[in-house]
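Subject: Structure handover

Hello,

Here is the structure I promised to pass on to you. Please have it open while you read, and my notes follow below.

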Amino acid sequence: MTPKERWLAALRFQPVDHLPFWPKLSEAYPCAQAEPFRSMTVEALHDWLGSDPHVGLPGCIREVHVAGSLQTSTQNGFLRTVYTIRGRSCELHCRWDEASRSWHPVRFPVQGREDLEIMREFYEDSRPELDRSGLQAARARFDQIGGAAVTTESIGESPLMYWVEWLAGVENAHLLLADYPAEVEALFAALHQVLLRRAEILADCSPADLIYLVENTSTTLISPTQYRRYCVPPIEAYGRLMQESGRLLLLHMCGLLRDLLPDLARLPVAGFEAFTSPPLGNTTLLEGRAACPDKALVGGTNAVLWTRSAGEIIAQLERDLEALPHHRGLVVTSAGVMPPRCPPQTIRAVRDWVVAYPCRMG
């Protein structure tokens, strides 16, 4: 099987020649390694490892604003995003982190009640549209990749999780939700309409094999009650839309999930990616399979485990896989991003073991 065929078969609970294996390498990973790996691209590293890659396509959606605007600027290691609507604005400030090669928010756009009104109006004014040049680029990249990798595109992040992570920050998000529930819920409704339109466009036009919601869900950030009230209904809407279009929708969920399993089981999605085992997560593959028998589980390890020797990683994987009733609907990955402390030689040794593992497809 090609990596794409292996991925898609696993996500559909079909037999595979061996379990798919994807170590999630960020752009920061090669920089932390010795030569010759330091000079390799992530794509070249995947080739050396023999992994089953998972590749994002260029986006094919643009956001159009009638009365508002979105402007970004970068200066001295800071990314400034300004949301403007009818002469009023809010700002998001992010700082560049070289170690992870990513932006991290340090000032959130919603600080109080007035900002809530501004952001609601901003998203009510937002009109997602098909970006035909982006679609052309996505199709070209899809054709270039062929069967060498499974391809993905993201709808975005559901309203509550986006609110917590990018609009208000964890502490202020909960305080504002408690103090101004109607105003926050109105913002959620505006965000939902934007995401629903994005989902419709991707379902109709995206060439990607997999469509994602990048949720980053964890009960360290929100409660099960909040998940049930604010996350389940919109995800059900996106999931039903994708199912009707014959699409595979996955949720990127990298946190503590055990207390959410009953809710996750009823979502109309294909599976959960970044499914993280203890001690970094709190949910084993066996617990996930028992609670969600028809959902694909993509992950099964954790970053702490990947700082150990290949023998220790393999021994834990073997225990976790042996506990399962079968190995359909399973992709073995690093769950979250592979820690740079784990050398490529260790990853390849684990990959070789996974490929040789006698998985049970019955």
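Let me start with a cysteine: C31 is partly exposed, with a relative accessible area of 40%. Please keep in mind throughout that this is a predicted model.

What does C31 have for a cysteine partner? The closest cysteine sulfur belongs to C342, and it is 16 Å from the sulfur of C31, which is too far for a bond. C231 is in no disulfide either, as the nearest cysteine sulfur, that of C254, is 13 Å away. Unlike the partly exposed C31, C231 is buried, at 0% relative accessible area. For the structure as a whole, the disulfide count is zero.

Now the overall picture. The protein chain has 12 helices and 14 strands. Its radius of gyration is 21 Å, which agrees with the value near 21 Å for a compact globule of 362 residues. The C-alpha trace spans about 60 × 45 × 35 Å along its principal axes. Of the 362 residues, 53% are buried. Among contacts with a separation of 6 or more, 75% are between residues 24 or more positions apart. The protein chain exposes about 15,400 Å², and carbon and sulfur atoms supply 51% of that area.

On to the interior. The largest nonpolar core has 114 residues, and the ones with the most contacts inside it are Y123, I155, W163, Y227 and L264. Which helix gives the most to this core? That is helix α7, residues 181-205, with 12 residues.

Two of those core residues also meet each other: L264 is one of the residues in contact with Y227 once neighbours within four places in sequence are left aside. On the same basis, the contacts of Y227 also include T217, I222, V232, I235, L251 and M253. L260, D263 and L267 are in contact with Y227 as well.

Q226 is worth a look too. You will find Q226 in helix α8, which covers residues 224-244. Is Q226 buried or exposed? At 17% relative accessibility, Q226 counts as buried, because the cut-off for buried is under 20%. Leaving aside neighbours within four places in sequence, Q226 is in contact with L160, H174, L177 and C231. That last residue is the buried cysteine from above, with its relative accessible area of 0%. A polar atom of the Q226 side chain also lies 3.0 Å from the backbone nitrogen of S223. For a sense of distance across the model, the C-alpha atoms of Q226 and V331 are 29 Å apart in space, with their positions 105 residues apart in sequence.

Next, some backbone geometry you may want to inspect. Where are the cis peptide bonds I noted? One joins E35 and P36, with omega about 5°. P36 lies in the loop between β1 (21-22) and α2 (42-49). Another cis peptide bond joins P278 and P279, with omega about 10°. P279 is found in the loop between β12 (271-275) and α10 (285-291).

There are also residues with a positive phi that are not glycines. R86 has a phi of about 50°, and it sits in the loop between β5 (78-85) and β6 (88-97). A335 has a phi of about 65°, and its place is the loop between β14 (330-333) and α12 (344-356). What about their surroundings: buried or exposed? R86 is exposed, with a relative accessible area of 57%, whereas A335 counts as buried, at 0% relative accessibility.

Finally, a stop towards the end of the chain. P358 is in the segment after α12. With a relative accessible area of 62%, P358 is exposed. The C-alpha atoms of P358 and L280 are separated by 27 Å, and these residues are 78 residues apart along the chain.

Happy browsing, and do write back with any questions.

Best wishes

How values were computed:
Residues are numbered from 1 along each chain as its sequence is written. This is a predicted model: local features need pLDDT of at least 70, side-chain atom pairs count only at pLDDT 80 or more; totals for chains, interfaces and linings use all residues. Side-chain values use heavy atoms; hydrogens and water are left out. Helices (H or I, at least four residues) and strands (E, at least two) are DSSP runs, numbered from the N terminus. Buried means under 20% relative accessible area, exposed over 50%, partly exposed in between (1.4 Å probe, protein chains only). Contact means heavy atoms within 4.5 Å. A polar contact is a pair of N or O atoms within 3.5 Å; within protein, one must be able to donate a hydrogen and the other to accept it, and residues adjacent in sequence count only if both atoms are side-chain atoms. A nonpolar core is a set of buried Ala, Val, Leu, Ile, Met, Phe, Trp, Tyr and Cys residues joined through side-chain atoms within 4.5 Å. The radius of gyration is taken over C-alpha atoms; the globule rule is 2.2 Å times the number of residues to the power 0.38. Accessible areas come from the Shrake-Rupley method with a 1.4 Å probe; for residues, only the protein chains shown count as cover. A disulfide is a pair of cysteine sulfur atoms within 2.5 Å.
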